[in-house]
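Got your viewer open and a cartoon view ready? Let's walk through this one stop by stop, selecting as we go.

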Amino acid sequence: MTDQEWAFLETVARAAFANPFGETRGDLDFAIGGAPRGSSSEEILESVLSRVATQVESLRRRGLADLKGQRDNRREVLRRFCLFHVFHRHVDHFDRLIQAQLQEGDKPCRVSFARQALEELSGFGLTTEEAERTFAVFYQLRRAFYFIRNGLVGSSPSMKALRRHLWDCVFTHDVRWFEAGLWNRMEEFSILLLGETGTGKGAAAAAIGRSGFIPYDPARNGFSESFTRNFVAINLSQYSEGVLESELFGHKKGSFTGAVENHEGLFSRCAPHGVIFLDEIGDVSIPVQIKLLQVLQERVFFPVGSHEPRRFSGRIVAATNRPLDEMMVNGKFREDLYYRLCSDVVTIPPLRQRLQEEPAELEHLLDAILRRIAGQPVSGRERQLVQKVLQRDVGREYDWPGNVRELEQAVKRIILTGRYQGVQREKGKGDAMERLAAGLRDGALNAEEVLAAYCGLLYDTHGTYEEVSRRTQLDRRTVKKYVQMCGREQ
């Protein structure tokens with residue numbers, strides 16, 4: 001093998017498991033395929049796969065495409081090069097399998113192309129065990145790409161960063177850790193999703209939850225579980241404490257009034273490689289937090305009314321829009337639970353940030369929402385009509401307090417009524433403080449305006465002219481004048 005050929009193999013090997021949502025993978029694809037800058041993504045990929053296939057055939061003719069007898073770094077580079085080739089030969093098959101499994105639901109689908117793919121892997125010198133595990137990783141890679149790309153719409157920098165981050169939550173930032181054994185140990189890494197209401201924390205959790213490793217079962221010619229069963233979600237805020245414990249951990253017959261039979265809780269029903277999404281984790285009581293902590297620390301739980309421990313082998317993803325740092329200071333959220341949940345913390349960007357970074361993001365979101373509502377792609381005309389109403393009724397500066405969830409409801413209201421007025425929120429104390437600070441910083445306020453803003457803030461806090469007068473050492477009539485100047489009282 002020439003030095004030039006070896007350099008090509010090394011480049012492909014680096015691309016094999018590179019984060020597909022990162023810039024490095026894009027640069028590697030250009031280097032591999034040689035496509036000119038400005039080419040479409042389809043053209044770039046076509047040129048990459050063509051050059052890789054040509055190199056594979058050249059190595060085969062010379063008897064150099066066999067991992068047997070190769071050692072250390074040379075074996076690893078050749079292995080990744082061969083895996084890149086086989087994976088991309090079956091990408092379309094994996095996509096059709098994912099779509100078929102979505103239709104089928106919790107019953108695992110048969111994998112018609114498995115034998116061919118496994119034979120190709122074995123042909124490069126992988127053992128049967130290595131080939132089956134690699135095939136399962138292939139399926140995981142494609143599911144992660146599918147659900148992270150399709151479940152999180154947007155081209156803004158913050159959304160691109162979010163997709164890269166979620167990929168790392170599934171495979172780690174260095175796939176060598178993953179391949180060395182973490183592929184079967186990711187349940188040890190709990191994820192905490194933070195963000196305002198309606199930003200898409202559930203979509204991010206689903207992308208992680210549907211992308212877990214699922215073993216291939218040759219006896220069934222399929223994977224051991226459906227990824228639809230591997231992800232289960234619960235909104236913790238909608239249950240009372242007693243009911244919530246039963247929903248999470250199950251209960252034994254007769255353990256309380258109304259427990260007429262045994263009940264399997266969420267942790268019992270979770271598949272071995274599954275993910276449980278605990279939404280609104282900030283709303284649960286301290287006793288429930290203690291029980292969740294035990295699950296995370298010891299991987300065991302007890303159904304209500306039972307002393308028999310049950311084992312939990314899945315992964316936890318939790319989310320909240322509440323300020324956990326403040327809650328820990330106030331004793332409302334246990335620090336030990338927080339530090340068990342936060343193997344990684346992922347913050348979902350608010351819609352206003354996304355639109356500030358990339359105004360065209362609104363068009364992508366509207367297309368996705370309309371397609372979901374209609375159940376099929378819609379023309380650009382429908383999106384333009386909705387966008388025109390939004391521009392007329394709320395304008396470009398609207399801050400979307402309900403985020404993407406509000407945008408979806410706005411689209412539905414426009415379809416029904418032809419208008420959307422948005423959420424009219426009063427400016428709060430925080431807004432007034434920010435305006436005063438900005439005015440002082442910019443030197444844009446005169447003395448009367450400074451006094452008016454300060455008196456208004458004090459009135460918001462204390463509610464009486466007398467208290468504002470005492471604190472500012474101004475007479476009551478002057479205080480009233482300043483408070484009225486800033487619109488607090490008439």
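**First stop: a strand and its neighbours**

Select strand 4 (residues 231-235) along with strand 5: the two pair in the parallel sense, over five bridges. Keep in mind that you're looking at a predicted model. To pin down the register, click Ile234, whose bridge partner in strand 5 is Leu278.

Now add strand 8 (residues 315-320). Strand 5 runs parallel to strand 8, and five bridges join them. Leu278 is a handy landmark here too, since its bridge partner in strand 8 is Ala318.

Next, colour strand 5 (residues 275-279) by burial. How many of its residues are buried? Five of the five, so call this strand mostly covered. In a regular strand, side chains alternate between the two faces of the sheet. Show side chains on strand 5 and look at each face: Val275, Phe277 and Asp279 are buried on one side, while Ile276 and Leu278 are buried on the other.

**Second stop: two crossing helices**

Hide the strands and select helix 4 (residues 72-89) and helix 7 (residues 128-151). Their axes come within 11 Å and cross at roughly 55 degrees. That angle falls outside the roughly parallel, antiparallel and perpendicular ranges, and the two helices are therefore oblique to each other. The crossing of helix 4 past helix 7 is right-handed.

Which residues meet there? From helix 4, show Arg75, Leu83, Val86 and Phe87; from helix 7, show Glu130, Thr134, Phe138, Leu141 and Arg142. Colour this contact by class and you'll get five nonpolar residues, three charged and one polar.

Technical notes:
Residues are numbered from 1 along each chain as its sequence is written. This is a predicted model: local features need pLDDT of at least 70, side-chain atom pairs count only at pLDDT 80 or more; totals for chains, interfaces and linings use all residues. Side-chain values use heavy atoms; hydrogens and water are left out. Axes are lines fitted to C-alpha atoms, for helices over the stretch in contact, and angles run from 0 to 180 degrees between N-to-C directions. Helices (H or I, at least four residues) and strands (E, at least two) are DSSP runs, numbered from the N terminus. Angles under 35 degrees count as roughly parallel, over 145 as roughly antiparallel, 65 to 115 as roughly perpendicular and the rest as oblique. A crossing is left-handed if the near helix is turned anticlockwise from the far one by less than a right angle, and right-handed if clockwise. Contact means heavy atoms within 4.5 Å. Ala, Val, Leu, Ile, Met, Phe, Trp, Tyr, Cys and Pro count as nonpolar, Asp, Glu, Lys and Arg as charged, and the others, Gly among them, as polar. Buried means under 20% relative accessible area, exposed over 50%, partly exposed in between (1.4 Å probe, protein chains only). Two strands pair if DSSP finds at least two bridges between them.
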